[in-house]
There are 2 protein chains.
Amino acid sequence: MRVRLSDVAAMADVSSATASMVLNGKAGAIRPDTIDRVLVAAEALGYRPNALARSLRSQQSHTIGFLSDDVVTTPYAGAMILGAQEVADKHGFALLLANVDSDQEASRHSLEALLDRQVDAVICATMYHRIIEVPAQLTNSPAVLLNARSDDNSVTAVVPDDYAGAEAAMEHLVAMGHRRIGFINDRAGNRRPGFIIDQTSPPAAVEREQAYHDVLRRHGIDRDDTLQTRAPSDPTGGRVAATALLDRPDRPTALFCYNDRMAAGAYVAARHLGLAIPEDLSVVGFDNQVLIAEAIDPPLTTVQLPHLEMGRWAMEQALTLLDENAEPRVRRMPCPLVERESVAPPNHPSADT
Amino acid sequence: MRVRLSDVAAMADVSSATASMVLNGKAGAIRPDTIDRVLVAAEALGYRPNALARSLRSQQSHTIGFLSDDVVTTPYAGAMILGAQEVADKHGFALLLANVDSDQEASRHSLEALLDRQVDAVICATMYHRIIEVPAQLTNSPAVLLNARSDDNSVTAVVPDDYAGAEAAMEHLVAMGHRRIGFINDRAGNRRPGFIIDQTSPPAAVEREQAYHDVLRRHGIDRDDTLQTRAPSDPTGGRVAATALLDRPDRPTALFCYNDRMAAGAYVAARHLGLAIPEDLSVVGFDNQVLIAEAIDPPLTTVQLPHLEMGRWAMEQALTLLDENAEPRVRRMPCPLVERESVAPPNHPSADT
DNA sequence: CTGAAAGCGCTAACAC
DNA sequence: GTGTTAGCGCTTTCAG
């Protein structure tokens, strides 16, 4: 059996109440020598408070629930958890994990497991940038959405700024002199079941496409819809789509890909067509999956998804919500361009437009 | 304020003790109609037990601590957590996360945060297969090591069977007809040139190297130390090492790489030397980092690290330890070969040996 | 079969 | 200034 507060109190010859105050720094009105006695007793006994008892009494578990939709499987997940963890730890909070899958019933169950354990707040993380419906049970406790937002923005949330990220990528390409830029987007309408209901097409796809068009227009480059295509967001999808875009006389000199996996597929397509990267073709990806970006040749220039920062921010907000009840805010986290070696000026700047 | 057990009891017109028994399935000796009344009351009120209070009383938190050394950053982490989570969930347990970094002091603090919260057991996970020293605080509570083991095997642990995995990879290569097989090992833990197996090296490096030699010997293939090298385990390391191995007349017809990142580097080296994979050169990796294995061309044949299974097993053991106190056991989890397209019979089977 | 009572280990009012 | 008392919400003897 662990040593209890009463043991410390007994040894210091004070009441457990006094010991409690001393140990919690609320010893404003306690004689210095008493404080000392308690401190040495605690030290001598190796006293560690029972957080359960403390929580029960103080109605604060110092625990934040982290609910995710399989997020934990993806390489992104780690960064979000780590970021959240990091700031939680700094404030003496711990993270209680729960995972939800496509099964609605199971998801409710997972959430309740968290709530039953009296978490002070919950962070709801999704694998992909999504618009979700906040589970009803959450309306009572402070909640923040991570990599997701509610459609009415009534819950504080943090999402990547896909628009600005795509904009940076496109501006980079244009600044390098590219005028004919292909865009391989994610195939819209892939609905995945989840605890959280999917609305329309993923915000990432919508925003990046918007940025693609806006940047071109801003630079007076006529829209050419044959330069844009959609495919499943994996290497095969990227390869097939890139082949279609590149295997023609008026091929684009640069490709902006929805993600790094597709960009890897585009590399394969380019090589099969005898196109060297970046000499004959520039490629920009999205996600900054370092595993991929550094594994392919040449290393991929891509846009970073700021999962670590989002994780940190989400936890900071969650903790803030415990003190004050602030207005819900949704933060769009910047996605910086990470320049590697897959972009260069075009060999033969196209003369059209 | 949430509805308490006493509310349910009051509504059902029984004592809270009775309500408790009913709700916990220990209603062996309670009249059916009383049971019903309690049940409908609980339902009507939407009663959810307060897990904190329950834990405090029953001295069982139904929570397992998951302590990891930054593991959460790596793409492997997710699978371990997910596996653990999955079985925890099935048994009504939750996962409390803590992260430790290189800082000893901070690590002790993290562990204590878990213990203070009265976790019933803790799982200690490491990013890489390692031999670790079990923290002293852990000796009191049930613990299982995940992807790590103690040097005296006195703590139950699960690690990947790197030896068998490497053996399978090598047997595959040999079965395909390869006799000259290069091995690019990790250099961590041994900065000396030369190819001596060194106890300070990570188990993964030691075991895979051992398997490499054993398989060759078993098939009567003479050892040729010029076919073996070490490098940092990243794409650049792999490229440099592979170039050294391949840029010579008696080059190997196949390469076994320490991990998929190095294998990706080997791909680059091969292409620069005009070697086609798998026609001119077969490559096998390790880890089955799907992100990489599917992104490079051709898709990489590699050995799977069974993180999901290890996570599951670790949690199962942890839960088992709560009931019975079994003997510590260490499990070596199989690492299956995942065949893709980077292996083919050699073009020109070497005539030597 | 069911209820009363006694805590689990701690904190927060309120006396002294 | 410090100790006493009363719970936080639940489970678990032990009477009846």
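So, DNA strand C first: in this predicted model, 24 residues surround the strand, and the closest are Leu5(A), Tyr47(A), Ile30(B), Arg31(B) and Arg57(B). If you sort that surface by class, you get 11 nonpolar, seven polar and six charged residues.

Okay, which part of the strand does the protein touch, backbone or bases? Of the strand C atoms within 4 Å of the protein, 72% belong to sugar or phosphate, and the rest belong to bases.

Let me pick out a few polar contacts. On the phosphate side, Ser20(A) has a side-chain N or O atom 2.8 Å from a phosphate oxygen of strand C. Over on chain B, Arg31(B) puts a backbone N or O atom 2.6 Å from a phosphate oxygen. And for the bases, a polar backbone atom of Ala53(A) is 3.3 Å from a base nitrogen. As for elements, helix 2 (16-23) and helix 4 of both chain A and chain B each give two or more residues to the surface near strand C. Helix 4 of chain A gives the largest share, three residues.

Now, helix 4 again, this time against its partner. Helix 4 of chain A and helix 4 of chain B, residues 51-58 in each, pack at about 135° with their axes 9 Å apart. The two are therefore oblique to each other, and the crossing is left-handed. What makes the contact? From chain A it's Leu52(A), Ala53(A), Ser55(A) and Leu56(A), and from chain B it's Leu52(B), Ala53(B), Ser55(B) and Leu56(B). By class that's six nonpolar, two polar and no charged residues. And yes, Ala53(A) is in that list as well as in the base contact I mentioned.

Note on methods:
Residues numbered from 1 in each chain as written. Chains lettered and ligands numbered in written order. Predicted model: local features only at pLDDT ≥ 70, side-chain atom pairs only at ≥ 80, totals over all residues. Heavy atoms only, no water. Axes fitted to C-alpha atoms, helices over the stretch in contact; angles between N-to-C directions. Helix = DSSP H or I, 4+ residues; strand = E, 2+ residues; numbered from the N terminus. Parallel < 35°, antiparallel > 145°, perpendicular 65-115°, else oblique. Left-handed = near helix turned anticlockwise from the far one by under 90°. Contact = heavy atoms within 4.5 Å. Nonpolar A, V, L, I, M, F, W, Y, C, P; charged D, E, K, R; others polar. Near = heavy atom within 4 Å. Polar contact = N/O pair within 3.5 Å; in protein donor to acceptor, adjacent residues only side chain to side chain.
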